[in-house]
Amino acid sequence: MTQHILTLDDEPEIREMLREVLTSVGYRVSGASTAQEALDLIRRDPPQLVITDLQLEETDGFDVIEQVKALVPETPVILLTGVLFDHAVIHSQIGSKIAAYVGKNESLERIVQEVRTHLGT
């Protein structure tokens, strides 16, 4: 069975890029542009991994991570953001809730590597 990944980003280009890259390496990918859309998708078709942006138009990514973990506590969440943070700050603030933090400026290979690591593939 193909593993399901949910991507949440309010930028359509980012969602499409993630969909293309992750489907090309064998994953099934759903995309959401809002937190509510993502939470509805999680309820209907729980993913094995979530990739979310931090800065969303209608809400804060930290809040989304809390809601995702309430719905699917064992599902790894990768924080993909253009906001540059010190890794120590991220881990002290939400380290127990996310599997990884990846900057949007990092390579697509790094994103795929993190996905594979956290899905065990």
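Which residues point one way from E4 and which the other way? In this predicted model, Val77, Leu79 and Thr81 lie on one side of the strand while Ile78 and Leu80 point the other way, and all are buried.

**View 1. The whole chain, with its helices and strands.** The protein chain of this predicted model holds five helices and five strands, and from the N terminus on its elements follow the pattern β-α-β-α-β-α-β-α-β-α. Of the 121 residues, 46% count as buried. Among contacts between residues at least 6 apart in sequence, 63% join residues at least 24 apart.

**View 2. The open sheet.** Five strands form an open sheet in the order E2-E1-E3-E4-E5, and their pairing is parallel. Strand E2 (28–32) and strand E5 (100–103) are the edge strands, each of which pairs on one side only. On average, and with direction ignored, neighbouring strands of this sheet are turned by 20° against each other.

**View 3. Strand E4 between its two partners.** E4 is mostly covered, since five of its five residues are buried. On one side, E4 pairs with E3 in the parallel sense over three bridges, and here Val50 stands opposite Val77, while Thr52 stands opposite Leu79. With E5, which also runs parallel to E4, the link is made by four bridges; Ile78 has Ala100 of E5 as its bridge partner, and Thr81 stands opposite Gly103. In a regular strand the side chains alternate between the two faces of the sheet. The split in E4 sets Val77, Leu79 and Thr81 against Ile78 and Leu80.

**View 4. Strand E3 and its pairing with E1.** Leu49 and Ile51 point one way from E3, whereas Val50 and Thr52 point the other way, and all four of these residues are buried. E1 and E3 run parallel and are joined by four bridges, with Leu8 standing opposite Thr52.

**View 5. Helix H3 and the crossover from E3 to E4.** The chain crosses from E3 through H3 to E4, and this β-α-β crossover is right-handed. The buried residues of H3 are Gly61, Val64, Ile65, Val68 and Lys69. Because these residues cover an arc of only 130° around the axis, they are placed on the same side of H3.

**View 6. Helices packed on the sheet.** E4 and E5 are joined by four bridges and run parallel. H3 packs on the sheet and touches E1, strand E3 (49–52) and E4, its direction making about 165° with that of E4. Helix H5 (residues 108–119) also packs on the sheet, where it touches E1, E3, E4 and E5, and its direction makes about 170° with that of E5.

**View 7. The largest nonpolar core.** This core has 19 residues, of which Leu6, Ile42 and Val68 touch the most other members. At least two residues each are supplied by strand E1 (4–8), helix H2 (35–44), helix H3 (61–71) and strand E4 (77–81), and the largest share, five residues, comes from H2. A second, separate core of 17 residues includes Val21, Tyr27, Val102 and Ile111.

**View 8. The surroundings of Leu6.** Leu6 is one of the residues that touch the most other members of the largest nonpolar core. With its neighbours within four places in sequence left aside, Leu6 is in contact with Ser30, Gly31, Ala32, Ala38, Leu41, Ile42, Pro47, Leu49, Val50 and Ile51. Among these partners, Leu49, Val50 and Ile51 are buried residues of E3.

**View 9. The surroundings of Thr7.** Thr7 has its place in strand E1, and its relative accessible area of 1% makes it a buried residue, because buried is taken here as under 20%. With its neighbours within four places in sequence left aside, Thr7 is in contact with Arg15, Leu18, Val29, Ser30, Gly31, Ala32 and Ile51. One of these contacts, Ile51, points from E3 the way that Leu49 does.

Technical notes: Residues are numbered from 1 along each chain as its sequence is written. This is a predicted model: local features need pLDDT of at least 70, side-chain atom pairs count only at pLDDT 80 or more; totals for chains, interfaces and linings use all residues. Side-chain values use heavy atoms; hydrogens and water are left out. A nonpolar core is a set of buried Ala, Val, Leu, Ile, Met, Phe, Trp, Tyr and Cys residues joined through side-chain atoms within 4.5 Å. Buried means under 20% relative accessible area, exposed over 50%, partly exposed in between (1.4 Å probe, protein chains only). Contact means heavy atoms within 4.5 Å. Two strands pair if DSSP finds at least two bridges between them. Axes are lines fitted to C-alpha atoms, for helices over the stretch in contact, and angles run from 0 to 180 degrees between N-to-C directions. The arc is that of the directions from the helix axis to the C-beta atoms. A crossover is right-handed if, with the strands pointing away from the viewer, the path from the first strand over the helix to the second runs clockwise.
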